[in-house]
Amino acid sequence: MAALTNRYVTLQLETAYGTEPTASTVGQFLGEVDDESFSQNFDLLTRQDISRYGASKTVAGLKFSEGDVNCPLQLDNFNSFCLLAAFGVDTFDNSATPKSHVFDEVTNDALLPSFCIRVGREEKEHTYCGMVLDSLSLTANINEYVMMTYSFVGCGESSVSALQTPGGGGTNPPAFSTVDALHFSKAFVRFEAAASSSNFSNMVKSISLDISLNRDTDNANALGSATYVVAPPPQLREITGTIEFNRDVATAVDNEPTYDELRGFLLHNGSSAAPAIMVRFEDASTPANYLEIKLPKVAYEAPELNVSGRDTSTMSVSFVALFDETDANMSSLKIGMSGINGDAA
């Protein structure tokens with residue numbers, strides 16, 4: 001049986017789309033991944049003619065790769081670069097304590113990074129280049145770690161190669177992060193104001209958030225190549241989510257949307273200082289390392305509120321983030337953690 005230490009997923013930035021960078025301990029980030037599903041795909045182009053009762057000739061069509069990574073949300077390089085891939089620009093504050101990175105959305109596709117993803121699968125290393133983020137999902141539930149799913153698309157798989165050795169000692173890939181994942185007891189959600197560990201709603205039972213870039217894979221290839229020649233361009237950006245409250249919100253305690261507001265259609269247009277929804281996750285450090293997500297403008301869908309037997313009645317509502325003209329974005333994300341990317345943007 002192969003050693004389980006030969007299972008790993010690493011992420012490395014590309015300097016040119018689809019070109020594999022040299023594996024190095026500098027800039028190759030190892031993720032504490034629960035599972036991955038990367039695979040190469042292609043169609044068979046099969047000819048049919050009138051002279052034979054079955055097809056006799058075929059070639060491989062366009063080759064491309066896609067797959068997901070599921071992992072807990074840790075304040076490490078792996079998660080930080082995956083999150084950056086959904087935004088594009090990082091503003092680094094070296095004077096903050098802890099040092100901080102603010103990720104903002106961009107309209108210039110060229111600023112969205114592409115990666116070479118290497119996966120160790122016990123016997124061989126599988127390499128996928130030109131991988132760009134297509135979507136991400138965040139879920140935070142009571143009594144659970146905050147979980148992330150990152151979905152990637154990119155070029156066809158490269159030839160398999162020898163395994164690398166996870167761990168230190170200058171070997172590739174580099175050692176795992178020593179930080180633990182963020183979890184429910186330090187997850188704070190607030191409405192129409194900034195969230196903090198002392199100002200948050202006590203009614204939120206769970207929250208999920210999905211960001212989709214809707215990559216246009218049909219227009220990433222061209223004649224003369226069997227795989228993508230440019231990064232699949234992003235199209236309509238979509239941000240959706242769901243919030244479950246632990247009881248019927250009849251009267252708001254901390255600006256929560258009430259059932260009466262939601263059933264009549266509720267659109268809240270806030271600001272970066274007082275966003276419609278803000279989520280903050282912290283760890284146990286002093287001062288706390290953190291991750292913040294702000295959604296300045298949100299439209300809520302119709303709420304769900306039902307009773308069953310003697311079960312406690314809870315309320316669920318889905319929402320859609322909209323482009324805010326004042327802040328000129330749909331969302332922003334901030335990581336407060338010293339050491340991310342060697343304390344550089």
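I'll start with the second largest cavity, which is lined by L75, V179, D180, L182, D283, N289 and M337. Its volume is about 40 Å³. By class, that lining splits into four nonpolar residues, one polar and two charged. Keep in mind that this is a predicted model.

How many cavities of 30 Å³ or more does a search of the whole structure find? Two. The other one is the largest cavity, at about 60 Å³. Around the largest cavity sit L73, L83, F87, L136, L138, M148, L209, I211, L291, I293 and L333. Three elements give two or more residues each to that lining: β11, residues 124-141, β14, residues 204-212, and β18, residues 290-295. The class count for the largest cavity is eleven nonpolar, no polar and no charged residues.

Some of these names come back in the core. The largest nonpolar core has 64 residues, and those with the most contacts inside it are L73, L83, Y150, I277 and L291. The element that gives the most to this core is β11, with six residues.

Take L73 in more detail. Leaving out residues up to four places away in sequence, L73 touches N79, L83, L138, V146, M148, Y150, A181, L182, F281 and L291. Of those partners, L83, L138, M148 and L291 are also named in the lining of the largest cavity, and L182 is named in the lining of the second.

L83 brings us to helix α1, residues 77-84, where seven of eight residues are buried. The buried ones are F78, N79, S80, F81, C82, L83 and L84.

Next, β18. Five of its six residues are buried. On one side, β18 pairs with strand β17, residues 277-282, in the antiparallel sense over six bridges. Strand β22, residues 332-336, also pairs with β18, again antiparallel, over five bridges. Which residues stand opposite I293 of β18? In β17 the partner is V279, and in β22 the partner is L333. Both I293 and L333 are in the lining of the largest cavity.

The loop between β17 and β18 holds P287. The peptide bond joining T286 and P287 is cis, with omega about -5°. There is another cis bond from T97 to P98, with omega near -5°. P98 is in the loop between β8, residues 88-93, and β9, residues 100-105.

Two residues other than glycine have positive phi. For E122, phi is about 70°, and E122 is found in the loop between β10, residues 115-121, and β11. For N143, phi is near 65°, and N143 lies in the loop between β11 and β12, residues 147-155. Are these two buried or exposed? E122 counts as partly exposed because its relative accessibility is 21%. N143 is exposed, with a relative accessible area of 60%.

Last, V317, in strand β21, residues 315-321. Why does V317 count as buried? Because its relative accessible area is 1%, and buried means under 20%. Apart from neighbours within four places in sequence, V317 is in contact with G241, T242, I243, F245, L262, Y300, E301 and P303. L305 is twelve residues away along the chain from V317, and their C-alpha atoms are separated by 9.0 Å.

Note on methods: Residues numbered from 1 in each chain as written. Predicted model: local features only at pLDDT ≥ 70, side-chain atom pairs only at ≥ 80, totals over all residues. Heavy atoms only, no water. 1 Å grid on protein atoms, 1.4 Å probe; cavity = no way out; pocket = protein on both sides within 12 Å on 5 of 7 lines; lining within 4 Å. Points joined across faces, edges and corners; volume = space filled by probe spheres on them. Helix = DSSP H or I, 4+ residues; strand = E, 2+ residues; numbered from the N terminus. Nonpolar A, V, L, I, M, F, W, Y, C, P; charged D, E, K, R; others polar. Core = buried A, V, L, I, M, F, W, Y, C linked by side-chain atoms within 4.5 Å. Buried < 20%, exposed > 50% of the residue type's maximum accessible area, 1.4 Å probe, protein only. Contact = heavy atoms within 4.5 Å. Pairing = 2+ DSSP bridges.
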